[in-house]
Amino acid sequence: MAATKPGTGRLSGRHRRPPEPRVTYGEVVSVREFRALWFGQILSLLGDQLAQVALAVLVYHRTESALATAAVYALTYLPPIVGGPLLAGLADRYPRRRVMLCCDLLRALLLAVMAVPGMPFAVLCVLVFCVVLLGAPFSAARAALLPEVLEGDRYVVGSALQNVTNQAVQMLGFAVGGAVIASLGPYRALALDCSTFLASALAIVAGVRRRPAPLRDDGDGRPSVWAMTRDGARLVFGDRRLRTLVGFAWLCGFYVLPEGIAVPYATELDDGTLSVPVITGLLMAAMPAGTVVGAFLFGRFVTPTGRLRGMGWLAMLTCAPLVLCAMDPPLPAVLALWALSGVGGAYQLAANAAFVQCVPPAGRGQAFGLVQSGLLAAQGIGILLGGVAAQELGPEPVIALAGVAGLSVAAMLTMLWTGSRREIIAKVRATTGA
């Protein structure tokens, strides 16, 4: 065996990159501010899921219309299209902790009004619109604050942990929502949602420290809301890397569509063994269940750069299983396909981390708000169009078509991402010390 010159062999330490450090979930949970944000989010999200299930089942039982059910479900996504891009700038204009507290308290007040028995349905819809609208500045402030609470790869692992618990809460809320609503009734469910927002506000007061506004008044006054929205749009859409990452975020408009027509699909799958509300809950819980598994494994066992390299493949996995719904599979197979689609949704963790690397801290609130508004718009429009198509074609072919369209878009985004990921990977390695 030939001798190897020092420094030139394959095993030379000079040419081997040191292993990338991996942050554990325990390290993230040990951060007090993260625990406060995490706990508050879990409580408020659980209440919201119960309310969504009740609304979907109630509307379909009254109308027996897939279009009406999808339209009301889409109502929970559409308000940020109207005010989200403008209101998200509040997270940069004012202290983010204060923005979150005000939004939580206002939403609790609106839900207390909604919980009054006998509230007209039209008034409830208006109040729901306002509640969801206030979620835009809250989510922007929370998303912008998290990178300050968790730095480096802690942010990615913390996002993974939040994703796992959020999806688990959604899965729990959807799976047991029908039974809970049947026993509590819609107005008590709204009162429960009100209490979760109050608990979230209390967690923020107790666990999140005060910070100054990111954009300080330098004597010339803070920029106007319109100017901040314009500058945020230029920042997000003027950068090729950010445009690609935004495309990955908005891809969910394709693979979230099945949730919007889960009730009519459950009616198609009903064979008398389980009730339609129970089947609906199982269907709506399948994707969150898959995302729990995917986010946990992706965040815990994959290196930071490995996440960025595998992001495109996972994005395609979110849509590919939906294509098989065209074969009219039975309920267990449908649940497995939807869960597999949810596993692929873990790619959003890598996309989110890459987005943070490319956006300056002072503009994160506006940037996250714009992306979040577009994300909810994509989901709402996708669900609404899916309801229109399902009314004519039935749910199975519509879900399959959404899978085909989403897979095509995901493949295109993956090719674009391959050409722009090297610079972001270099930044990630610099922050992790690898």
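How far apart are the end C-alpha atoms of helix 16, and what span should its 16 residues have at 1.5 Å a residue? Good morning, colleagues. Before I answer, please note that the structure in front of you is a predicted model.

Helix 16 covers residues 304-319. At 1.5 Å a residue, its 16 residues should span 22 Å, and the end C-alpha atoms are 24 Å apart, which agrees. Helix 16 also bends, by about 50 degrees, at Met311. As for its surroundings, helix 16 is mostly covered, with twelve of its 16 residues buried. Among the buried residues are Pro304, Thr305, Arg307 and Leu308 towards the start of the numbering. Met311, where the bend lies, is also buried, as are Leu314, Met316 and Cys319.

I turn next to helix 19, which runs over residues 364-393. Helix 19 has 30 residues and reaches 42 Å from its first C-alpha to its last, close to the 44 Å expected at 1.5 Å a residue. Just after helix 19 comes Gly394, with a positive phi of about 95 degrees.

What does helix 19 pack against? In general, two packed helices are described by the angle between their axes and the distance between the axes. Helix 11, residues 240-250, has an axis that comes within 9 Å of the axis of helix 19, and the two cross at roughly 40 degrees. That angle makes helix 11 oblique to helix 19. The crossing is right-handed. From helix 11, the residues at this meeting are Val246, Ala249 and Trp250; from helix 19, they are Leu370, Val371, Gly374, Leu375 and Ala378.

A second helix pair involves helix 20, residues 395-418, and helix 14, residues 262-269. Their axes lie 9 Å apart, and the packing angle is about 125 degrees. Helix 14 and helix 20 are therefore oblique to each other. Here Pro264, Tyr265 and Glu268 of helix 14 meet Pro395, Glu396 and Ile399 of helix 20.

Finally, I should like to consider a single residue, Arg96. Is Arg96 buried or exposed? Arg96 belongs to helix 6, residues 96-114. Its relative accessible area is 4%, so Arg96 is buried. Leaving aside residues up to four places away in sequence, Arg96 touches Ala91, Ala141, Ala144, Leu145, Glu148, Pro214, Pro361, Ala362, Arg364 and Gly365. Two of these contacts, Arg364 and Gly365, bring us back to helix 19, which spans residues 364-393.

Thank you for your attention.

Key: Residues numbered from 1 in each chain as written. Predicted model: local features only at pLDDT ≥ 70, side-chain atom pairs only at ≥ 80, totals over all residues. Heavy atoms only, no water. Helix = DSSP H or I, 4+ residues; strand = E, 2+ residues; numbered from the N terminus. Buried < 20%, exposed > 50% of the residue type's maximum accessible area, 1.4 Å probe, protein only. Contact = heavy atoms within 4.5 Å. Expected span 1.5 Å × (residues − 1). Bend = angle between axes of the 7 residues up to and from the residue. Axes fitted to C-alpha atoms, helices over the stretch in contact; angles between N-to-C directions. Parallel < 35°, antiparallel > 145°, perpendicular 65-115°, else oblique. Left-handed = near helix turned anticlockwise from the far one by under 90°.
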